[in-house]
Amino acid sequence: MNNKYFTIGQITDLHVGRKIPFPSGELDLYDQLVNAVDNLNSIDPPLDMAVISGDLANHGKEEDYIKVKSQLDRLKFPYFIVMGNHDQRETLKKVFSEHRYLVTDNEFIQYTIEDKPIRIIALDTLEPGTHYGLMCEKRIEWLENKLAELPERPTLIFMHHPPFDTGMPYPDHLGMHNKEAFAAVIKKNPQIEAISSGHTHRDSVVGWNGTVVYIAPSSAFSYGLEFHDVDDIDPLMEPPAARIFRWDAEVGLVAHLSYIGNYEFGLTEGMPEPPKN
Ligand SMILES: [Fe+2]
Ligand SMILES: [Fe+2]
């Protein structure tokens with residue numbers, strides 16, 4: 001870690017265990033994770049840490065978490081896990097047993113990371129047996145107390161379900177419940193630089209209750225930009241991506257996307273010279 005800035009890679013919605021038939025052939029989402037890890041590892045200078053923001057395994061199965069772990073352990077920097085609606089808390093804890101922060105003093109996997117230049121808070125919106133999310137009073141109270149401990153410290157929150165409606169009815173139906181009570185806590189805490197989520201498998205951003213809320217696209221597959229109310233939605237093979245946050249105390253939190261895959265780079269001259277001024 002250098003002193004000037006701090007970088008965080010976020011990948012989300014891995015859904016390992018799922019195979020998707022596309023006209024060009026079947027896509028095994030485990031292979032997508034291999035590519036995502038390669039992508040994060042290719043960033044230079046190396047990232048300082050990564051957050052895996054939920055839906056790690058499509059059915060929450062132990063065998064799939066073992067496969068997920070085999071890839072995430074290749075990351076050249078520490079990584080932290082956030083629960084998604086497809087995850088199983090106890091199975092995940094068992095497989096990622098050395099991730100001590102997953103063990104909390106209550107049924108939810110919410111934790112803070114205090115030793116970084118920006119404070120990180122991970123929230124748990126999983127409501128077992130459903131695909132919508134919930135930020136219940138107990139989880140909100142935990143967050144309120146944590147925020148009150150360090151009201152001056154710049155803070156970045158990670159959570160799987162976005163806390164706002166995107167205008168896309170299909171994912172919004174599977175969105176987070178109890179948004180208003182959560183919003184009231186966020187509004188009172190201007191130290192929150194941003195909230196970053198996943199779940200919709202699309203890149204979105206909104207100014208919300210005094211902060212910025214991002215949705216990271218999936219590192220495995222996307223869903224279409226669908227503003228109509230539909231009963232079902234098919235996977236779409238847009239380029240998967242990772243969210244890269246670059247925190248610089250003087251500049252703030254800048255959000256980038258790193259597209260996963262091989263894209264042509266056509267300049268024979270190579271990288272352009274930086275401007276001289
Ligand atoms: Fe997902
Ligand atoms: Fe999800």
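In the predicted model, helices α1 and α2 are roughly parallel to each other, because the angle between them, about 20°, falls under the 35 degrees that count as roughly parallel. The axes of the two helices lie 9 Å apart, and their crossing is right-handed. On the side of α1, the contact is made by Tyr 30, Leu 33, Val 34 and Val 37; α2 contributes Lys 67, Val 68, Gln 71 and Leu 72.

Helix α2 spans residues 62–72, and its buried residues are Asp 64, Tyr 65, Lys 67, Val 68 and Leu 72. These residues cover an arc of only 160° around the axis, which puts them on the same side of α2. Three of the names recur in the packing with α1: Lys 67, Val 68 and Leu 72 are buried and also take part in the contact between the two helices. The cover over the buried residues of α2 includes two helices, α1 (29–42) and α3 (89–95), together with the strands β4 (49–52) and β5 (79–81).

Strands β4 and β5 also belong to an open sheet of five strands, in which the order is β5-β4-β1-β16-β17 and the pairing is mixed. At the edges of this sheet stand β5 and β17 (252–259), each of which pairs on one side only. From one strand to the next, the twist averages 25°. Strand β16 (residues 241–248) runs antiparallel to β17, and eight bridges join the two. Within this pair, Phe 245 stands opposite Ala 255 of β17.

Further strand pairs occur elsewhere in the chain. In general, the strands of a sheet pair through backbone hydrogen bonds, in either a parallel or an antiparallel sense. Strand β2 (residues 19–22) pairs with strand β3 (residues 25–28) in the antiparallel sense over four bridges. A hairpin connects β2 to β3 through two residues, and the bridge partner of Phe 22 in β3 is Gly 25.

A second hairpin is formed by β6 and β7, with five residues between them. Strand β6 (residues 111–113) and strand β7 (residues 119–122) run antiparallel and are joined by three bridges, with Ile 113 having Ile 120 of β7 as its bridge partner. Strand β7 also pairs with strand β9 (residues 155–158), here in the parallel sense and over four bridges. In that pairing, Arg 119 has Thr 155 of β9 as its bridge partner. Strand β7 thus takes part in an antiparallel pairing with β6 and a parallel pairing with β9.

Terms used:
Residues numbered from 1 in each chain as written. Chains lettered and ligands numbered in written order. Predicted model: local features only at pLDDT ≥ 70, side-chain atom pairs only at ≥ 80, totals over all residues. Pairing = 2+ DSSP bridges. Buried ≥ 20, exposed ≤ 12 C-beta atoms within 10 Å, placed from the backbone. Arc of directions from axis to C-beta. Contact = placed C-beta atoms within 7 Å. Axes fitted to C-alpha atoms, helices over the stretch in contact; angles between N-to-C directions. Left-handed = near helix turned anticlockwise from the far one by under 90°.
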